[in-house]
Amino acid sequence: MFLLTPAVSGGPALAQERRLVTEIPGPRSRELAERQRAAVAHGVSTTMPVYAAAAGGGVVVDVDGNSLIDLGSGIAVTTVGNSAPKVVEAVTAQVASFTHTCFMITPYEGYVAVAERLNALTPGDHEKRTALFNSGAEAVENAVKIARAYTKKNAVVAFDHAYHGRTNLTMALTAKNQPYKSGFGPFAPEVYRAPLSYPYRDGLSGAEAAKRAISVIEKQVGAENLAAIVIEPIQGEGGFIVPAEGFLPALVEWARANDVVFIADEVQTGIARTGAWYASEHEGIVPDLVASAKGVGGGLPLSAVTGRAEIMDAAHAGGLGGTYGGNPLATAAGLATLETIEQEGLLERAREIGELLTSRLGALQQSDPRVGDVRGRGAMVAVELVDPATQEPDAALAKGVAAAAHAAGVIVLTCGTYGNVLRFLPPLSISDELLAEGLDVLAHAFEVTR
Ligand SMILES: *Cc1c(COP(=O)(O)O)cnc(C)c1O
């Protein structure tokens with residue numbers, strides 16, 4: 001059956017179907033994997049060694065002609081779909097006119113226009129400024145720089161299960177040792193860790209978990225030393241942990257009362273992923289600074305820090321920037337991405353996808369006690385897999401189910417501090433049929449992984 005890419009979606013007119021014509025990975029992918037082993041640093045590893053040839057709508061087509069259902073969006077990046085038509089058009093026009101001048105040398109409108117859009121879209125109607133960068137880690141680091149410049153304080157608090165990137169400062173902010181930190185120290189100083197709200201495992205209300213975290217912060221760091229709190233409103237790599245209601249607002253309130261900058265790392269949760277522009281909106285919080293990346297560039301490297309004008313402007317002229325930050329191609333893609341989300345009603349689409357995901361995964365949980373928890377918001381949903389008798393994390397099961405899904409042509413990602421979480425981040429351009437088929441394959445993968 002050949003369904004073309006649905007009209008709402010992005011991408012070239014690829015057949016929207018799961019199609020296996022070889023084993024996974026196929027011979028051509030295996031050949032490329034050989035070349036990769038000889039040429040590419042082994043520290044860069046791949047979840048699924050299937051080499052991409054084309055992608056769009058809800059599929060990735062590999063070099064052997066297999067068509068895989070994409071439930072990962074290249075880690076929450078291709079929210080509007082791969083090669084979304086407006087993104088292709090905007091980038092094609094931009095690449096033909098100029099590719100780079102460096103915004104710090106001779107600026108261009110695209111950068112300013114993205115800043116204006118993000119100032120309008122991020123939570124809160126106060127006066128804002130934006131600075132653009134290339135990666136999520138770079139955005140988070142710059143948010144910390146800005147908070148330090150503004151508060152004239154040094155310490156930064158991050159949380160258990162946090163993931164903020166792989167540069168030196170963001171490794172320090174990241175909680176998990178393997179694979180992100182092991183052997184790569186020493187790490188940046190003045191980074192402290194507070195306990196998170198993790199309802200499935202701690203059973204605390206949001207208020208109780210916030211009280212616990214604030215007590216740790218006050219006793220072990222001291223507000224007088226603390227420049228910023230950095231937190232993902234829903235943790236990504238850490239396991240799609242949605243904090244209990246009230247946890248985030250209590251932290252924001254405490255930060256505001258104590259001259260501490262509240263930084264929301266919305267690199268994974270932002271830009272329509274959770275059914276809102278930013279996940280902070282679900283709890284009505286207004287962060288001082290927001291980091292955006294992944295979904296904002298439609299697949300091109302673009303990231304941003306957006307926040308209160310007086311905080312953002314505390315960094316001196318020349319203190320922020322970078323050769324490529326807000327590159328013309330990336331900003332053209334960013335504007336086209338934001339426009340696509342608006343014109344195609346993708347916030348609503350993320351909520352619909354969320355309902356499909358949670359109802360199917362909820363049913364799976366009913367019939368399979370190894371599914372301990374189903375959680376998430378919008379098109380960012382995960383299942384935490386456990387030993388049903390003890391609730392102990394079952395990483396082997398997550399690995400086994402993912403491997404079975406991969407072999408059957410479905411791209412699914414794992415995550416979590418304990419490696420026992422399967423996460424679902426489909427492109428919002430996926431059709432209902434394809435999503436349902438992906439979940440059928442997943443259910444079967446659970447059956448055969450006993
Ligand atoms: C992916 C991610 C980052 C790092 O982004 P990069 O672009 O890989 O540097 C930071 N924070 C969160 C929440 C992320 O999910």
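These legends walk you through several close-up views of one predicted model.

**View 1. Two domains meet in this chain.** Start by finding the two parts given by the domain assignment. Domain 1 is made of two stretches, 27–83 + 345–448, while domain 2 covers 87–343. Measure from C-alpha centre to C-alpha centre and the two domains lie 25 Å apart. Where they are in contact, domain 1 supplies 40 residues and domain 2 supplies 36 residues.

**View 2. The largest nonpolar core holds 86 residues.** Which residues touch the most other members of this core? Look for Leu118, Ile263, Leu289, Leu361, Leu422, Phe424 and Leu442. Both domain 1 (27–83 + 345–448) and domain 2 (87–343) give residues to this core, so it lies between them. Another core, of 27 residues, lies apart from it, and its members include Ile214, Ile231, Leu251 and Ile285.

**View 3. Here is Ile263 with its contacts.** Neighbours within four places in sequence are left aside in this view. That leaves Ala143, Val144 and Ala147 among the contacts of Ile263. Ala228, Ile229, Val230 and Ile231 are also in contact with Ile263, and so is Leu289.

**View 4. Residues surround the ligand.** Around the ligand you can find Ser135, Gly136 and Ala137, together with Tyr163, His164 and Gly165. Glu232, Asp265, Val267, Gln268 and Lys294 also belong to these surroundings.

**View 5. Polar atoms of Gly136, Asp265 and Gln268 face atoms of the ligand at short range.** Gly136 takes part through its backbone: a polar atom there is 2.8 Å from an oxygen atom of the ligand. For Asp265, a polar side-chain atom lies 2.7 Å from a nitrogen atom of the ligand. Gln268 has a polar side-chain atom 2.8 Å from an oxygen atom of the ligand. How much of the ligand does the protein bury? Taken alone, the ligand exposes 380 Å², and the protein buries 82% of that.

**View 6. Two cysteines, Cys102 and Cys415, close the set.** Are they buried or exposed? Cys102 counts as buried because its relative accessibility is 8%, and buried means under 20%. Cys415 counts as buried too, because its relative accessibility is 6%. The count of disulfides comes to 0.

Terms used
Residues are numbered from 1 along each chain as its sequence is written. This is a predicted model: local features need pLDDT of at least 70, side-chain atom pairs count only at pLDDT 80 or more; totals for chains, interfaces and linings use all residues. Side-chain values use heavy atoms; hydrogens and water are left out. A disulfide is a pair of cysteine sulfur atoms within 2.5 Å. Buried means under 20% relative accessible area, exposed over 50%, partly exposed in between (1.4 Å probe, protein chains only). A nonpolar core is a set of buried Ala, Val, Leu, Ile, Met, Phe, Trp, Tyr and Cys residues joined through side-chain atoms within 4.5 Å. Domain bounds come from an automatic or database domain assignment. Contact means heavy atoms within 4.5 Å. A residue is near a molecule or strand if one of its heavy atoms lies within 4 Å of it. A polar contact is a pair of N or O atoms within 3.5 Å; within protein, one must be able to donate a hydrogen and the other to accept it, and residues adjacent in sequence count only if both atoms are side-chain atoms. Accessible areas come from the Shrake-Rupley method with a 1.4 Å probe; for residues, only the protein chains shown count as cover.
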